Amino acid sequence: MGDGLRIELARVYGFCPGVRRAVEMIEEHLAREGRVATLGAIVHNARVVETLAGKGATVARSLGEVEAPAVAITAHGAGREVYAEIERRGLKLVDTTCPIVKRAQEAARRLAEEGYTVLIYGEEAHPEVRGLLSWTKGKGYATLSPQELPELSAKKLAVISQTTKDREAFWGFVQEVISRFHPSLEDLRVVDTTCPETGRRYQAALELAAHVQAIFVVGSRNSANTRKLAETCRKTGVSTYFIESAEEINSDWLSGLSRVGVTAGASTPDEVIDQVIQRLSQIGGDAA
Ligand code: SF4
């Protein structure tokens, strides 16, 4: 540690465009019209949720809990029935569904309408996947392994992905689908609905990890993508500190180090990352 500490930032880190857009849409609504309830946390980050709460945003687990005159669908999107119910209740809608998720929903809807059984590579319980399933109007299945699927009599199969899944893994899944169903399959459609943003963060973290002595991964512990980012760094063998805020940094961690890296998950706001950089700079020197 000492004057020579160099702090490097990952090439890509922090809010992805979809989350940034969602937060901005909520802020604009709050400034213009006041109260809004979000259907689930708008971002998996307590700091962002608290800041928005201070401006009039509440978090509702279901439409039944909404007391505000407006409701916001998060960047993960929602199913068809949610839109119908919002209309039925006469609530104003702030739809922050990420355009990349919207594209996946459109694919799910169109493929189902064209008579395909839609297989979604993703976690069934994830809100985005629940939404995608709903857009298939009962003609979809969500799974991470085709072996878990029931026998399907469908001759027309389509495969799409939860947007945050790894692209390579998605294509591996497609191969498994072919192996499992090819004898009876007549028509297979594949729409790659993965989002490049998550992968770009992992790739940038790997590049950073290759030339620093320790890496600080900033984000909420309840954010799956930040946890995975930390895991990616750890696997390279570099000392990895997964922190939620600057206050958690222990100056002993920097002892003897001359080069450290900083990255952050797609749900981590800029201000938290800036505070981490400031704190590291104070302890060890100036940011590069
Ligand atoms: Fe949209 Fe991609 Fe961000 Fe998800 S990770 S909100 S799909 S930009």
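This report covers a four-stranded sheet, two helices that lie across its strands, and one buried glutamine in a predicted model.

## Basis

The model is predicted: local features need pLDDT of at least 70, side-chain atom pairs count only at pLDDT 80 or more, and totals for chains, interfaces and linings use all residues. Residues are numbered from 1 along each chain as its sequence is written, and side-chain values use heavy atoms, leaving out hydrogens and water.

## The sheet

Four strands form an open sheet in the order β1-β12-β10-β11, with parallel pairing. Strands are DSSP E runs of at least two residues, and helices are H or I runs of at least four, numbered from the N terminus. Two strands pair if DSSP finds at least two bridges between them. The edges are β1 (6-9) and β11 (239-243), each paired on one side only. Neighbouring strands are turned by 25° against each other on average, direction ignored. Axes are lines fitted to C-alpha atoms, for helices over the stretch in contact, with angles from 0 to 180 degrees between N-to-C directions.

Strand β10 (residues 214-218) pairs with β11 over five bridges. There, F216 has Y241 of β11 as its bridge partner.

## The helices

Helix α7 (residues 196-209) lies across β1, β10 and β12 (259-264). Its direction is about 175° to β12. Helix α8 (residues 224-235) lies across β10, β11 and β12, at about 165° to β11. Contact means heavy atoms within 4.5 Å.

## Q162

Q162 sits in the loop between β8 (156-161) and α6 (167-181). Q162 is buried (under 20% relative accessible area, 1.4 Å probe, protein chains only), at 2%. A polar atom of its side chain lies 2.9 Å from the backbone nitrogen of E123. Not counting residues up to four places away in sequence, Q162 touches residues including Y121, H126, L132 and T194.

Key. Buried means under 20% relative accessible area, exposed over 50%, partly exposed in between (1.4 Å probe, protein chains only). A polar contact is a pair of N or O atoms within 3.5 Å; within protein, one must be able to donate a hydrogen and the other to accept it, and residues adjacent in sequence count only if both atoms are side-chain atoms.
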